[in-house]
Amino acid sequence: MARLSHANLVPIFELGEWAGRRFLAMELVDGSTLTDWLHRHPSVDEVVGAFLEAARGLQAAHLAEVVHRDFKPANVLVGRDGRVRV
């Protein structure tokens, strides 16, 4: 996962274990979840654009044989820059 690089994927820096618990360290994205963003009533064009960006991120992961397994709006981030990241 750490070798994946795509504008619509949150970079993963490290996977590990600490005190018997697994963790994932990733880039801090200043923004909100897609769920929260949708509650702000964006236009239909903005919603379609956001879901297309998320789909591009998922496609990049799938091409690298990585499966998200819990894809939902609450697990998608929308940065203050407007970029959608899975």
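A nonpolar core, in the sense used on this tour, is a set of buried Ala, Val, Leu, Ile, Met, Phe, Trp, Tyr and Cys residues joined through side-chain atoms within 4.5 Å. The model on your screen is a predicted one, and the tour goes from the whole chain to its core, then to the strands and a patch on the surface.

**The whole chain**

Begin with the full chain in cartoon view, where you can trace two helices and five strands, which follow one another from the N terminus in the order β-β-β-α-α-β-β. Along the principal axes, the C-alpha atoms fill a box of roughly 45 × 30 × 20 Å. Of the 86 residues, 26% are buried, and the chain exposes about 6,200 Å², with carbon and sulfur atoms supplying 54% of that area. Among contacts with a separation of 6 or more, 56% link residues that are 24 or more positions apart.

**The largest nonpolar core**

Next, select Leu 9, Leu 34, Trp 37, Ala 50, Ala 54, Leu 58, Ala 60, Ala 61, Val 76, Val 78, Val 84 and Val 86, and show their side chains; these twelve residues make up the largest nonpolar core. Helices α1 (34-38) and α2 (44-63) each supply at least two residues of this core, and the largest share, five residues, comes from α2. As general background, nonpolar side chains in soluble globular proteins tend to be buried together.

Now centre the view on Val 86, one of the core residues. Which residues does Val 86 contact, once its neighbours within four places in sequence are left aside? They are Asn 8, Leu 9, Val 10, Ala 54, Leu 58, His 68 and Phe 71.

**The three-stranded sheet**

Colour β3, β4 and β5, which form an open sheet of three strands in that order, with antiparallel pairing. The edge strands, each pairing on one side only, are β3 (31-33) and β5 (84-85). Strand β4 (residues 77-79) is joined to β5 by two bridges, and if you select Val 78, you will find Val 84 of β5 standing opposite; Val 78 and Val 84 also belong to the core already shown.

**A stop at Thr 35**

Move to Thr 35, which lies in helix α1. Is Thr 35 buried or exposed? Its relative accessible area is 26%, so Thr 35 counts as partly exposed, a class that lies between the limits of under 20% for buried and over 50% for exposed. Not counting residues up to four places away in sequence, Thr 35 touches Pro 73 and Ala 74. If you draw a distance from the C-alpha atom of Thr 35 to that of Leu 77, 42 residues apart along the chain, the viewer should give 8.7 Å.

**The hairpin and its surface patch**

Finally, select β1 and strand β2 (residues 21-26), which run antiparallel and are joined by six bridges. Ile 12 stands opposite Met 26 in β2, while two residues lie between the strands of this hairpin, where Ala 19 takes a positive phi near 55°.

Leu 15 is found in strand β1 (residues 12-18), and because its relative accessibility is 52%, Leu 15 counts as exposed. Add Leu 24 and Met 26 to the selection and switch on the surface: together with Leu 15 they make a nonpolar surface patch of about 280 Å².

Conventions:
Residues are numbered from 1 along each chain as its sequence is written. This is a predicted model: local features need pLDDT of at least 70, side-chain atom pairs count only at pLDDT 80 or more; totals for chains, interfaces and linings use all residues. Side-chain values use heavy atoms; hydrogens and water are left out. Buried means under 20% relative accessible area, exposed over 50%, partly exposed in between (1.4 Å probe, protein chains only). Helices (H or I, at least four residues) and strands (E, at least two) are DSSP runs, numbered from the N terminus. Contact means heavy atoms within 4.5 Å. Patches are made of residues with over 30% relative accessible area and no salt bridge: like charges are joined within 9 Å, nonpolar side chains (Val, Leu, Ile, Met, Phe, Trp, Tyr) within 5 Å. Accessible areas come from the Shrake-Rupley method with a 1.4 Å probe; for residues, only the protein chains shown count as cover. A salt bridge is a side-chain nitrogen of Lys or Arg within 4 Å of a carboxyl oxygen of Asp or Glu. Two strands pair if DSSP finds at least two bridges between them.
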